[in-house]
Amino acid sequence: MRRALGSSAAMYVVLSLGALAFLFPFYYMVIGSLQTTVDPSPSGAFPAPGNLTLDNYGAINERIDLLQGLANSGIFTGGVILGTVVFGVLAGYALAVLHWRGRSATFSLVLLVQVIPFQLLMIPLYVMIARDYGLADTYAGMILPFFINSTAVIIFRQYFLQLPKELFDAARIDGAGELRLLWNVALPLVRPALLTVVLLTFIGPWNEFLWPFLITKEASMQPLAVSLANFLSNIAASTANPFGATLAGAVVLAAPAVALFLVFQRYFTSNDLGSGVKG
Amino acid sequence: MLRRILGSHPLGLAFAAPYLIFIGVVFAYPIVFAVWMSFHDYFFAAPGAVVDRPFVGFDNYVTVLTDPDVWRSFGNVGIFLIINVPLTVALSMLLATALDRVARAKTFFRVAYYVPYVTASVAVVAVWLFLFSGNGLVNNLLGPLAPEPSWLINSALAMPTIALFVTWKGLGFYILLYLAALQNVPRELYESVSMDGGGRIRQFFSVTVPSVRPATLLVVLLATITGANLFTEPYLLTGGGGPNGASTSPVLLIYQRGIEQGNPDIAAAIGVILIIFVLIIAALQRRLVGGEDR
């Protein structure tokens, strides 16, 4: 009994040290964004009342339009979520509930697509989307490569598979069409899956850097991650307190995703990803 | 008759059609296009302009394989993987096991570990730059032990620092995968080890580690793919792969050669070689980690 107590105390110590290492950079991000002058000494990690200011937020907003950046990130993310949910539900339903020729081949394809690193496709996609289709500096060009997310298809399929077959048979006997079945019977039963997918899908485009960086050259079209990265690598040095301003931008970029995650974190559970592990 | 050909719910194909078209446009066609490009003299031209793009055989591949920068970038990914993969597997397995056992403050711990994963790389890169710069907090705490030159501008430490950053950033997701795998480990196994007098450490090595092997395989594979995709971190943390190419990644090189220098054919060839490398490494790992499960 004593040994069990000792080992669970050890677990709390390990977990607490880990949590500290994981959360400290976020704490430091906020503190740094509020400092008038940079204080990289250990005491700078604790807020000194005389050194606190909101000026950095004003400074970064003068260099990059934070609201426009947030709006661009929002439209990009919203478009991806819309496509992923609508077409992901349809594909997931078809793969779990309907019997049609090519179903198993399609599912193999869904699994295969997951292991193809997206970045390796960036040159042909860039040539196609930016050069051939002329979609550079457009929301459509940003959204297209992420429009349907394969992981979401897998999650929806997994949830639909768990629904009892009899439910569908009974509704079909009553003469319901497949679209009605999906909308009125299946979807209301898998509402948690919808939230999980929205949450998981949100993270991708909101945090995505490489693709929108390639496809947007106009500052007014850039998502916040791209304009902040440009600020970081090109113009930060010309600001009075470059780190303070950069960190203020980082807080604005991080806040929506972190807030959404905190509110809905209980939907962000291991069970939903379990399908991938169990194979 | 039609049903025999199309299955009992031909509507399924209609439901899946948007997804299938998407895969064709965004995955299948670009892959074929990339391979085609890598065998031709491909350059950017005005949209709609008809230009001759002659077949050049393996010329682009010869250019790529005789370029020391390319070899360097693959070597850098090798360093990255040697640090990132074992660290990711060990830490996420350990932390997931601890998270699975504790009863108090579980939500707090879970949230703490997932937060870096849900946050944009660009945002957390800014903090790491602040922490690991020459006169940053880390060096201030280390005092005389601080490396000279500092972390991100030191050619021996730049890539390891990036590997550490990526491990920290992604660990939450892998902890999540292990937590899912741990749900499937029968509790009786732990009990039987503890009946035999085995403590927590014995239980961890003789029950947990072998039981979650499928998850380990997935974690190793995903961590490897992340390594092959490395771009944002060297681009921003080390100012484009510095110092002197010590942290350049193949994807960064694809960007520089393809888009900055306007040689998409060379970039496509690097991409094809990278895919082949990833497939070889994934197959090797499957043999190593998969063991008798195959």
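This dialogue covers the chain interface, the two domains of chain A and a few backbone features in a predicted model.

Student: How should I read the interface of chain A and chain B, and how many residues does each chain bring to the contact?

Tutor: One begins with who takes part and then asks what the touching surfaces are made of. Here the contact draws on 94 residues from chain A and 99 residues from chain B, and the two chains bury about 8,600 Å² between them, with 81% of that area on carbon and sulfur atoms.

Student: Which helix of chain A gives the most to the side that touches chain B?

Tutor: That is helix H1 (residues 2-33) of chain A, which supplies 19 residues. Sorted by class, the side of chain A that touches chain B holds 69 nonpolar, 18 polar and seven charged residues.

Student: How many salt bridges and polar contacts are found across this interface?

Tutor: The two kinds of pair are counted by separate rules. Between chain A and chain B the salt-bridge rule finds zero, whereas eleven residue pairs are in polar contact, both residues being at pLDDT 80 or more.

Student: Can the reading be repeated within one chain, and what domains does the assignment give for chain A?

Tutor: The questions carry over to a pair of domains. Chain A is assigned domain 1 (2-53) and domain 2 (57-267), whose C-alpha centres lie 32 Å apart. Ten residues of domain 1 are in contact with nine residues of domain 2, and the area buried between these domains of chain A is about 650 Å², of which carbon and sulfur atoms give 72%. On the domain 1 side, Met29(A), Ser33(A) and Val38(A) lose the most area to domain 2, together 65% of what that side buries. Between these domains there are zero salt bridges, and three residue pairs, both at pLDDT 80 or more, are in polar contact.

Student: Turning to the backbone, where is the cis peptide bond in chain B?

Tutor: For a peptide bond one reads omega. The cis bond joins Glu148(B) and Pro149(B), with omega at about -5 degrees, and Pro149(B) sits in the loop between helix H7 (137-142) and helix H8 (158-182) of chain B.

Student: What is phi at Ala105(B), and is this residue buried or partly exposed?

Tutor: Ala105(B) has a positive phi of about 55 degrees although it is not a glycine, and this residue lies in the loop between helix H4 (68-101) and helix H5 (106-118) of chain B. Its relative accessibility is 44%, so Ala105(B) counts as partly exposed, a class between the limits of 20% and 50%.

Notes:
Residues are numbered from 1 along each chain as its sequence is written. Chains are lettered from A and ligands numbered from 1 in the order in which they are written. This is a predicted model: local features need pLDDT of at least 70, side-chain atom pairs count only at pLDDT 80 or more; totals for chains, interfaces and linings use all residues. Side-chain values use heavy atoms; hydrogens and water are left out. Contact means heavy atoms within 4.5 Å. Buried area is the accessible area (1.4 Å probe) that two parts lose on being put together, summed over both. A salt bridge is a side-chain nitrogen of Lys or Arg within 4 Å of a carboxyl oxygen of Asp or Glu. A polar contact is a pair of N or O atoms within 3.5 Å; within protein, one must be able to donate a hydrogen and the other to accept it, and residues adjacent in sequence count only if both atoms are side-chain atoms. Helices (H or I, at least four residues) and strands (E, at least two) are DSSP runs, numbered from the N terminus. Ala, Val, Leu, Ile, Met, Phe, Trp, Tyr, Cys and Pro count as nonpolar, Asp, Glu, Lys and Arg as charged, and the others, Gly among them, as polar. Domain bounds come from an automatic or database domain assignment. Buried means under 20% relative accessible area, exposed over 50%, partly exposed in between (1.4 Å probe, protein chains only).
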